[in-house]
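Open the model in your viewer and keep the selection panel at hand. The tour starts inside one chain and then moves to the place where two chains meet.

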Amino acid sequence: MSGVLVVCEHLSGEFADITFELLALANSLGAGDVSAVTFGSMAGKASELGSAACVIDAGCEDEYNPESYAAAVSTAVDAHSPDLILIGSTSMGMDIAAPVAAAHGLPLVAYCTTVEATNGGFACSSSLYGGKLGVSSQVSSPAVAMVLPGSCDGDAGRVAGSPAVNELAIPESAGKVRFNRLIEPEAGDVDITQSGVLVAIGRGIGSKDDIELVAELAELLDADLACSRPIVDAGWMEKSRQVGKSGFKVKPRVYIALGISGAPEHIEGMKNSATIIAINSDEDAPIFDVAHYGLTEDLFDVCEELVEELE
Amino acid sequence: MKIAVLLKMVPDLVEELEVDSTGKALDTEELKFKLNEFDDHALEEALLLGGEEDEVVALALEGEGNEKLLFTALAKGASRAVQLTGVQPGGSGEQATAFAAALAESSFDLILTGVQSVDDREGQLGPLLAARMGLPCVSVVTGVSVTDGGATVNKEYSGGVMAEFEVTLPAVLGIQSAQQPPRYAPVSKVRQMQQTATIESLTVGGAGGGAESEVTAMAPPEVGASAKMLDDAAALLEVLRGEGVA
């Protein structure tokens, strides 16, 4: 009747980084034993989850299913009554957290960057408003927290061991959501995960025609062009060039962010770049929190001047 | 087919965000609001799905700017617009409860909303709503096609990988992006709607949102090792040369 339940994520037979980040967080809380829920055949890799005291094998198909995975987590909560349920603030976590919280009448706090145990509950800090504000909340126990990827040190959770594996009897799924197939990304003309230098544009670019100037700069720097999500959604660049949560994780030698505000979803994809240079007219843009060098000027002025100098 | 789209105004992040004197909430005095961009995609996807026989109903909670928002939805092609009244503005949990009460009275096949918004600290509206209504839900959806009694949806994972699911209707979908960029409604057309069209009003009870958390503080994030700020493009060029890329 206590402890922390970590909802593990996997894709293509491997635990995702968020799994180890959540385990590291769970262990740092000092809030009792840590249990890890796995799905499909992933319980067979329980030895990778050595930082958990116990692994709950929730069954289900190997392929993620929003309905059956959420129902399985809910059953695990019934069986173990944890004080805290940690779920990734990820594509999968978004489907699971709300139904689990609703089924048990628990408070839910999303976009957490930190969670700490307090008297009778937990103190969470959420990154909201595109990363521009941190919002602290206090929740009573038990509670559900969705944790942003990259908030904790995954290496601390990557401990080999031999946790006990308990099989969970789960009810049959209602079958209203059925997995069809995985769709691999279409190969673009460039693989930005392999680029040494990236020049990335965001919403600040304003119009499709203005991409040309940035492309010119990229060519002079022998860099590849990349972008944040709004540029792809607007149909201005290919998905294969998108950096971030739903795009690609990149770590070039130099990452130059032009007109990118730095929402958590984007930061997740580029924060491991060796050198980050951000140019943004908004001095409060969160991108400056992860950048090594910053310049608060109009990106077109900067681009024009650089192009002129480099030519 | 009947499609509901839930729309919401959020603070425009281009504007400076200030915390009010309580230290726990945004100072809304100077704040500008705009349609949640993901809701715009949800509306676009609904309009793309809706044929002549279908009905696309835009819903929003009562609030500043929401009438214009609904007129804009009508100008873009929504069949009807409904404003929910009698609800205290609250977190996403309360919003979900209010929308659930409103939608329970109609038989929608599909309920679309933006996958997330910049202020949904209590979780995302789509899955919260689905949980209250007992409907299946898929989040982070980038494409929907309707088949007999169901929908085929693409859900985004990371690294450009997607998964295709079949979903039995009725269902709630959290839309990440529509299959084409959201259409634009000319100001003239929005004005015309304001003069000719009617926004329906629906009173929903002020039911609570269930278990909630309490905000204790709100502040700009603590910055670790922040960026070394450069003076001009010339200084930037120096840095680039130092990195060996210029």
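A residue is called buried at under 20% relative accessible area, exposed at over 50% and partly exposed in between, with a 1.4 Å probe and protein chains only. Helices (H or I, at least four residues) and strands (E, at least two) are DSSP runs numbered from the N terminus. This is a predicted model, in which local features need pLDDT of at least 70 and side-chain atom pairs count only at pLDDT 80 or more, while totals for chains, interfaces and linings use all residues. Residues are numbered from 1 along each chain as its sequence is written, chains are lettered from A and ligands numbered from 1 in the order in which they are written, and side-chain values use heavy atoms, with hydrogens and water left out.

**Stop 1: a strand in chain A**

Select residues 84–88 of chain A, which form strand S6; 5 of its 5 residues are buried. One side of S6(A) carries A:Leu84, A:Leu86 and A:Gly88, the other A:Ile85 and A:Ile87, and both faces are covered.

**Stop 2: its partners**

Two strands count as paired if DSSP finds at least two bridges between them. Add residues 4–7 of chain A: this is strand S1, which pairs with S6(A) in the parallel sense over 3 bridges. Here A:Val6 stands opposite A:Leu86. Next add strand S10 of chain A, residues 143–147, which is also parallel to S6(A) and pairs with it over 5 bridges. In this pairing A:Val144 is opposite A:Ile85.

**Stop 3: the interface**

Now show chain B. Contact (heavy atoms within 4.5 Å) involves 77 residues from chain B and 78 residues from chain A. The two chains bury about 6500 Å² between them, 59% of it on carbon and sulfur atoms; this area is the accessible area (1.4 Å probe) lost on putting the two parts together, summed over both.

Which residue forms a salt bridge with B:Glu37? Select A:Arg229: the closest N and O atoms of this pair are 3.3 Å apart. The rule, a side-chain nitrogen of Lys or Arg within 4 Å of a carboxyl oxygen of Asp or Glu, finds 5 salt bridges across the interface.

Elements of chain B that give two or more residues to the side touching chain A include helix H1 (37–49) and strand S9 (162–168). S9(B) gives the most, with 7 residues.

**Stop 4: strands across the chains**

Keep S9(B) selected and add residues 177–183 of chain A, strand S12; these two strands pair in the antiparallel sense over 6 bridges. To finish, pick A:Val177, which stands opposite B:Val167 in S9(B).
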